[in-house]
Amino acid sequence: MKKRKSRRPARPRIRSRARRGRAVPVPAPPTAPVATVPVASLVEQRGLPIVAELARVARGPGAPRVKLEGAMEILFGAYGESDPDFSGLFLHGWMRARHDKQFRLTLAWQREQIRLSLEDILVEGVRAGVFRAGMDAGAVAAVIVGAAEGCLLQAATDGGAVTAEQIVRTLLTLAVGGAGGGAVSGA
């Protein structure tokens, strides 16, 4: 009786050969599967442009109210109108962060950079008298980030009862409060 051959493709092996006392890896055969990028790196690749853009807005010229509105449009646009892959990537990252130090550090750093950029804008606005006097800028920035992350969850489930635009308008109204009030444009 003939022995059946396995239909599974052979696993590529990495062999090494010595060259001047060093191991030199031999590339896998051309049929080897393409290496995938670690998910933590994908989280960084998708999150870093948001972090960089918010930092640019916070450092840039302009009235604090305009800067806050622009920063929130960027953040809520990215989180509230994200594609399913983006929201899934971050949701998966948050779940893995409980057990994976790299994810925990990556997500914590990105979240804190976003919060700090928003806090800088809020502090500037309080000093200029255009935002609510006595506001805890750090706490308000954390609320904004949390609301944006809520939109990220809504994006994964194809939306919610309150749109990202409505949340942005409400948060801007709360930040501005009685110090200049007035209408706030949508996101």
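## Close-ups of a predicted six-helix model

**View 1. Ile-144 and the residues it touches.** Skip the neighbours within four places in sequence, and Ile-144 is still in contact with Leu-68, Met-72, Leu-75, Phe-76, Leu-118, Leu-122 and Leu-171. Keep in mind that this is a predicted model. You'll find Ile-144 in helix H5. Is Ile-144 buried or exposed? Its relative accessible area is just 1%, so Ile-144 counts as buried. Now look for Val-168: this residue sits 24 places from Ile-144 along the chain, and the C-alpha atoms of the two are 8.5 Å apart.

**View 2. Leu-68 and its contacts.** Which residues does Leu-68 touch, once its neighbours within four places in sequence are set aside? The list runs Leu-118, Ile-121, Leu-122, Phe-131, Ile-144, Leu-172 and Ala-175. Ile-144 from the previous view is there, so to speak, from the other side: Leu-68 is among the contacts of Ile-144 too.

**View 3. The largest nonpolar core.** This core has 38 residues, and the ones touching the most other members are Leu-68, Leu-75 and Phe-76. Which helices chip in at least two residues each? Here they are, with their residue ranges:

- H1 (39–59) and H2 (64–80)
- H3 (84–97) and H4 (101–128)
- H5 (137–156) and H6 (164–176)

**View 4. Helix H2 packed against helix H6.** The axes of H2 and H6 lie 10 Å apart, and the angle between them is about 150°. Angles over 145 degrees count as roughly antiparallel, and H2 and H6 are therefore roughly antiparallel to each other. The crossing of H2 past H6 is right-handed. Where do they meet? On the H2 side, look for Arg-65, Leu-68, Glu-69, Met-72, Phe-76 and Gly-80. On the H6 side, their partners are Ala-164, Ile-167, Val-168, Leu-171, Leu-172, Ala-175 and Val-176. Leu-68 and Phe-76 should look familiar, since both were named in the core view.

**View 5. Stepping back to the whole protein.** How many helices and strands are there? Count six helices and two strands. Follow the sequence along and the pattern reads β-β-α-α-α-α-α-α. Of the 187 residues in the protein, 32% are buried. Take the contacts with a separation of 6 or more: 66% of them join residues 24 or more positions apart. As for the outside, the accessible surface comes to about 12,100 Å², and carbon and sulfur atoms account for 56% of that.

Notes. Residues are numbered from 1 along each chain as its sequence is written. This is a predicted model: local features need pLDDT of at least 70, side-chain atom pairs count only at pLDDT 80 or more; totals for chains, interfaces and linings use all residues. Side-chain values use heavy atoms; hydrogens and water are left out. A nonpolar core is a set of buried Ala, Val, Leu, Ile, Met, Phe, Trp, Tyr and Cys residues joined through side-chain atoms within 4.5 Å. Buried means under 20% relative accessible area, exposed over 50%, partly exposed in between (1.4 Å probe, protein chains only). Helices (H or I, at least four residues) and strands (E, at least two) are DSSP runs, numbered from the N terminus. Contact means heavy atoms within 4.5 Å. Accessible areas come from the Shrake-Rupley method with a 1.4 Å probe; for residues, only the protein chains shown count as cover. Axes are lines fitted to C-alpha atoms, for helices over the stretch in contact, and angles run from 0 to 180 degrees between N-to-C directions. Angles under 35 degrees count as roughly parallel, over 145 as roughly antiparallel, 65 to 115 as roughly perpendicular and the rest as oblique. A crossing is left-handed if the near helix is turned anticlockwise from the far one by less than a right angle, and right-handed if clockwise.
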